[in-house]
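Trainee: Please take me through one part of this model in close detail. I would like that part set against the whole chain.

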Amino acid sequence: MSDARSEFSQGWKVVVASALGIGTGLSPIPFYTIGVFVAPLSAEFGWAVDQIMFSLMIMTLGAVVMGPVAGILADRFGVRPVVLASVALFGLTLAGFALSNGSLTLFYINWMLMSALGAGTLPITWTRAVSNWFNTHRGLALGLSLLGTGLFGAGAKLYANYLIGAFGWRTAYIGLALLPLLLSLPTAYFLFRDTTDAKAKGAPVRQAHRGLTLRQAMKGYRFWLLALAFIPISFAVGGPIPNMEKIFTSKGIDVQQAVQIASIIGPSVIAGRIIGGWLIDRVWAPGVAFVLLSLPAIACWLLTGDATTPMVATFAVILIGFAAGVEYDMLAFLVSRYYGMRSYGAIYGLVYGFFAMGAGFGPYTFGRIFVQTGSYDTGLFYGAVMLLAGAASLLLLGRYPDPASFPVAEEK
């Protein structure tokens, strides 16, 4: 307990800044809110559901390409400058959607700009600093840092839905853009520092120079197992989330109730973050991942068929949200434990690219299946199978390497 107090007394500022930064960043805001923009964009411009959901595939491409770049820049030049610049640019490009004129091409270009310039707001950067500040209680610290995705994921969905109803979808985009610009940016400026920063007060012994390089990591089977396992996991967890409202209304649940039920994703993500983070500090993380990431398979099965009641829908959202709460911090934790912190940003950035592919293709594929068949059931069934396969494969990662066995980079 004294270790926990010691680590958190030193690193709480980084945890708070990271929670705000991740919560108002590229990872949750566009992903969780796109569902409430489908109806107004379709009504004004005549765009189909799958055309709008295709935007998330573009965001995926940006994350795949720019995620590793953001990680490498953070490793080389420090996390703080990368974070501050990216938060500002993400907010500005998000506000740019308010200028949409009906051109799908321009709409997609703005998504590409937002994903490229906002890649520094992904967990890749923030979790590097958190992992450096925490060791004994790294899982819990990562879970708390990633709480922002649950808090702002649910809050942003309701916030955007309110703004759309009260002022229109253009104002809603501007309102969302103010979240990173007015909340995350000033908080990061005053509170967020890595242990290697000159002004970091009370920083623990530096861990940043011990670990494998990206090239060394890629030579081992664990890297590819980790990267490939998270493709089906993120596909099956991420696919239903932006489609939640549409899934529920297709089962006969009215629109407002569907939005309210879908918003429960936030509290369940928070529960997954805290409980999952607490568990992986104490139990072998791949085993925890197998159990917790298999839960959405039940949810996908429950949502198939025509007998989905509000109660069943609520239970399914809780299971999916709980798993979504485990994904990010599990990935960050596994990278830090199996590869050390020397090239954490580069390694996590590249693995995150694979994760993003699944998360990006999932919503589009689910939306496309609905357009073609009039039902989400096929996507939900295959999602359940993919979840079980991906979660089970993580059990092959084996024991954590001894941290003392990691090579130490030479001081420059």
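Mentor: What follows goes from the whole protein to one helix, and then to two residues in other helices.

This is a predicted model. The protein has 19 helices and zero strands. Its radius of gyration is 20 Å, close to the 22 Å that the globule rule gives for 412 residues, so the protein is as compact as a globular protein of that length. Along the principal axes, the C-alpha atoms fill a box of roughly 60 × 40 × 40 Å. Buried residues make up 59% of the 412. Among contacts with a separation of 6 or more, 86% are between residues 24 or more positions apart. The accessible surface is about 15,700 Å², and carbon and sulfur atoms account for 68% of that surface. As for charge, the protein has 25 positive and 17 negative charges, and the mean positions of the two sets are 8 Å apart.

The part to look at closely is helix 8, which covers residues 147-167. Helix 8 has 21 residues, and the distance from its first C-alpha to its last is 29 Å. The span expected at 1.5 Å a residue is 30 Å, to which the value in the model is close. The buried residues of helix 8 begin with Leu 147, Gly 148, Thr 149 and Gly 150. Further along, the list continues with Phe 152, Gly 153, Ala 154, Ala 156 and Lys 157. Ala 160, Leu 163 and Ile 164 complete the buried set. A lysine, Lys 157, is thus listed as buried along with glycines such as Gly 148, Gly 150 and Gly 153. After helix 8 comes Gly 168, which has a positive phi, near 105 degrees.

Two residues elsewhere can be examined for burial and contacts. Thr 60 lies in helix 3, residues 49-77. The relative accessible area of Thr 60 is 4%, so Thr 60 counts as buried, the cut-off being under 20%. With neighbours within four places in sequence left aside, Thr 60 is in contact with Ala 356, Met 357, Ala 359, Gly 360 and Phe 361.

Ser 268 belongs to helix 14, residues 265-280. Its relative accessible area is 5%, and Ser 268 is therefore buried. Residues up to four places away in sequence not counted, Ser 268 touches Val 317, Ile 318, Gly 321 and Phe 322.

Note on methods. Residues are numbered from 1 along each chain as its sequence is written. This is a predicted model: local features need pLDDT of at least 70, side-chain atom pairs count only at pLDDT 80 or more; totals for chains, interfaces and linings use all residues. Side-chain values use heavy atoms; hydrogens and water are left out. Helices (H or I, at least four residues) and strands (E, at least two) are DSSP runs, numbered from the N terminus. The radius of gyration is taken over C-alpha atoms; the globule rule is 2.2 Å times the number of residues to the power 0.38. Buried means under 20% relative accessible area, exposed over 50%, partly exposed in between (1.4 Å probe, protein chains only). Contact means heavy atoms within 4.5 Å. Accessible areas come from the Shrake-Rupley method with a 1.4 Å probe; for residues, only the protein chains shown count as cover. Lys and Arg count as positive and Asp and Glu as negative; His and the chain ends are not counted. The place of a charge is taken as NZ of Lys, CZ of Arg, CG of Asp or CD of Glu. The expected span of a helix is 1.5 Å times one less than its number of residues.
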